[in-house]
Amino acid sequence: MAALRVLVGVKRVIDFAVKVRVAPGGGAVQTQGVKHSLNPFCEIALEEAVRLREAGTASEVIAASLGTKASQETLRTALAMGADRAVLAELGEGAAAGPREVATALAGLVRKLQPQVVLLGKQAIDDDCNQTGQLLAAMLDWPQGTFASRVQLEAGHVLVEREVDGGLETLRLRLPAVLTADLRLNEPRYATLPNIMKAKKKPLEVIPAAELGVPAGPPRLKVLQVQEPPPRAGGEKVESVESLVGKLRHAGRI
Amino acid sequence: AAMSAVLLLLRALRAARPQPRPQPRPRAGPSARGLRTAAPRRAFAKELFLGTLRKEEVFPYPEISNEELAEINQFVGPVEKFFNEEVDSKKIDQDAKIPPETLQGLKDLGLFGMQIPEEYGGLGLSNTMYARLGEITSLDGSIAVTLAAHQAIGLKGILIAGTEEQKAKYLPRLASGEHIAAFCLTEPGSGSDAASIQTRATLSEDGKHFLLNGSKVWISNGGLASIFTVFARTEVVDKDGQVKDKITAFIVERDFGGVTHGKPEDKLGIRGSNTCEVHFENTKVPIENVIGEVGGGFKVAMNILNSGRFSMGSASAGMIKKLIELTSEYACTRKQFNKKLSQFGLIQEKFCLMAVKAYVMESMAYLTAGMMDRPGFPDCSVEAAMVKVFSSEGAWACVSEALQILGGLGYMKDYPYERYLRDTRILLIFEASTSIPLSLQTAGTNEILRMYIALTGMQHAGKILTDKIKAIKKGNVGVALGEFLTRLQDSLGRKVDLGLVGDHGVVHPSLQDNAKKLEENVYYFGTTVRGLLSRFGKTIVEEQLVLKRVADVVINLYAMTAAISRASRSISIGLRNHDHEV
């Protein structure tokens, strides 16, 4: 397949293993000094793209991210995992970077780079929005295959097996298309240290986000409060189904 | 009246005394350095024995460039991830084996060639970066030892003393892990006394190869390795025509034939690390495989061992930090007598010990690594030895305390503490062979290092003092007066100022008291050493109990210096939590 370019969106998020705490003030989650890493679903998307290139189906994998300077670290990891080059759409501190902004940035990059496939993670583990892929497809007026657990490229089409509530659904989409990766799509490789060293030499371009049409300014969504879930209260064991139903009714649950 | 007379005399003497001038013996000053290609740096530790604190060596605390910092941070992530997800330490300990998939994963990550230069396929890490990754690999003792036996000693000889041909031939496949290396020095009859090995290499008739015969024992990676660095006795003809037996270092491939190994030893700890006997029977080793010079093997061995020793500091610190993480979770949740464990003073004391030890170990290890990373091949063998002794013993103490915090649970195999305890015990034993005068009869291992530390330092001090005495004898009044005045001032109680604090001080003002104490300790240590030397002279070599205390003192001095230097830097650059460090 000639010149099939894949654009992969990656996001820098708080590492999944970190015990998240509420920041002083209660308006946000503590991010200072906390370990960050590549969003696991983005990692899966990136792995799929790299495998396509290794199989000869794709010719180039470009990793992209919308964020502050710190996201360069994440892009370097993406390069170490096998992306050919990376682009950072740079934002200032505190600027909005929700799904709408990310989709706008990616749409701008799509117009510039002309990929045939955009691969994203299905959602980010910090905000769990699950919107970016869908918004992007709408903006570009491209077909979308979300929650992909299997991806197969054919001439001019892509076969996507999706995990939906009822089971598995297979779609054939015309290229170019937007796909979002679900957990069982693949198991991402470890970025080996020699690859990290090689990644230093791969190109990383920085573009101001405004150039891609991302509106400047604070988020349109304001977080009023963040609090930890209440500690688990003790449970209770009952003897029969009737008493269970009775207790639930008594507690106003049914 | 007598007092004032003395004072007058003092004043007169001081006036008569010539301005302090450089030592009579030639020193590598800034101009002289340009003429030499490798000026021997008078490193830090040896000078302590003279009561001098060479502050330029240790202040400010070594910095690494932002580039290096970014690179290290990039490396740490994947390695930590691998160890958290793919390494089942409990299984490795139980099966006494590292699974081949895990080993392959380590090879793929690039961990088998950390210090091999990039041009040979390795990562080319500096000592500092190597130490940093050592903090992570130490999470599994067996893996840490396997990696260290391979690269910190197994192939190090080729790296530091090998020819270009040897490097090009062997390093690439060692870097990828295709070949694993092992270090073969110890024999059944030669442990601490490394110079007494019996394995022999005889030159063939045609002079093209050596025939190697002998048995080595307790060789890490002995069963896995295909490349061995072997030390054997060879006949060497001296410059005066005398035939002597000297040790030579060889690169031996298993393919040379005659190389067999025994069954893996069943060990207390680091059970996943392969340790076994290795036998050489008429193994043909081409003369091109001699490392360094024929007869120069002992020096090669010592250089190898000295170069890798410092990393034990960061490895131990990494392990203790992990233990602190595990035990603090327990201490903060477990309640007895209606209070959380963490509220009891004795428990807090244990955490205090662990935190302090880990901090100091880190400080010492990275200070030493930083010194070694400076250009000019500094000799940091004494510093590295001090790091090793402090870290191994500190680790042992801390693991024991950590287990104690868990109480009965700590004793159970369901929890990792007993495994850490078993794995740590070896630290006080191995990696301790070092060059001590043959006349020394010793047993054990950190014990040896203590002797090494004390004797090397005192030897250095002794040399300088002897020179001074020679100068006095020659009639150098200035030196004589200098010495006399010093002693007089000492007995009258002097105020020690080595330049750590004050207007030109290198230590941050909040650490003033600590720095002052350090200065005084260093100074009086110097005086003590001088006293010991004049009392015992050459027989100091036999006085092990005295030497032990000397070593302990200087180890603590180095530890203090490292901690103060690092804390000073932390405050100066406003590092978060620097107040904790102080």
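## Charges, salt bridges and a mapped domain

B:E118, B:E119, B:E164 and B:E165 together make up a negative patch on the surface. Keep in mind that this is a predicted model. Beyond that patch, the structure has 36 salt bridges counted over all chains, and a few of them get a closer look below.

**The negative patch**

- One of the patch residues, B:E119, sits in the loop that runs between α7 (100–109) and α8 (127–137) of chain B.
- B:E119 has a relative accessible area of 66%, so it counts as exposed, the cut-off being over 50%.

**A salt bridge between strands in chain A**

- A:R172 pairs up with A:E154 in a salt bridge, with 3.2 Å between the closest N and O atoms.
- A:R172 belongs to strand β9 (residues 167–174) and A:E154 to strand β7 (residues 144–154) of chain A, so this pair ties together parts that lie 18 residues apart in sequence.
- On accessibility, A:R172 is exposed at 53% relative accessible area, while A:E154 is partly exposed at 25%.

**Salt bridges in chain B**

- As background, side chains of opposite charge can pair when their charged atoms come close.
- B:E393 and B:R450 form a salt bridge whose closest N and O atoms are 2.9 Å apart.
- That pair links distant parts of the chain, since B:E393 is in helix α15 (residues 381–406) of chain B and B:R450 is in helix α18 (residues 446–473) of chain B, 57 residues apart.
- B:R450 is buried, with 10% relative accessibility, whereas B:E393 comes out as partly exposed with a relative accessible area of 27%.
- B:E519 and B:K516 also meet through their side chains in a salt bridge, at 2.7 Å from N to O.
- Both B:E519 and B:K516 are in helix α20 (residues 512–536) of chain B, and because they are three residues apart there, about one helical turn separates them.
- B:E519 is buried at 0% relative accessible area, but B:K516 is partly exposed at 28% relative accessibility.
- There's a network too: B:R132, B:E135, B:K321, B:E362 and B:R566 are joined into one by salt bridges that share partners.

**The UniProt domain in chain B**

- UniProt, in an unreviewed entry, puts the feature "domain: Acyl-CoA oxidase/dehydrogenase middle" at residues 182–282 of chain B.
- Over residues 182–282 of chain B, the chain is 51% strand and 0% helix.
- The end C-alpha atoms of that stretch are 19 Å apart.
- B:S190 is in the loop between β1 (181–184) and β2 (200–203) of chain B.
- Although it is a loop residue, B:S190 is buried, with 2% relative accessibility.
- From C-alpha to C-alpha, B:S190 and B:V217 are 9.3 Å apart in space, with their positions 27 residues apart in sequence.

**A buried alanine in chain A**

- A:A137 is part of helix α4 (residues 132–140) of chain A.
- With 1% relative accessibility, A:A137 is buried, as the cut-off for that is under 20%.
- A:A137 and A:A107 are 30 residues apart along the chain, and their C-alpha atoms are separated by 8.8 Å.

Key:
Residues are numbered from 1 along each chain as its sequence is written. Chains are lettered from A and ligands numbered from 1 in the order in which they are written. This is a predicted model: local features need pLDDT of at least 70, side-chain atom pairs count only at pLDDT 80 or more; totals for chains, interfaces and linings use all residues. Side-chain values use heavy atoms; hydrogens and water are left out. Patches are made of residues with over 30% relative accessible area and no salt bridge: like charges are joined within 9 Å, nonpolar side chains (Val, Leu, Ile, Met, Phe, Trp, Tyr) within 5 Å. Accessible areas come from the Shrake-Rupley method with a 1.4 Å probe; for residues, only the protein chains shown count as cover. A salt bridge is a side-chain nitrogen of Lys or Arg within 4 Å of a carboxyl oxygen of Asp or Glu. Lys and Arg count as positive and Asp and Glu as negative; His and the chain ends are not counted. The place of a charge is taken as NZ of Lys, CZ of Arg, CG of Asp or CD of Glu. Helices (H or I, at least four residues) and strands (E, at least two) are DSSP runs, numbered from the N terminus. Buried means under 20% relative accessible area, exposed over 50%, partly exposed in between (1.4 Å probe, protein chains only). UniProt positions are given in the numbering used here, feature names are shortened, and annotations may be inferred rather than shown by experiment.
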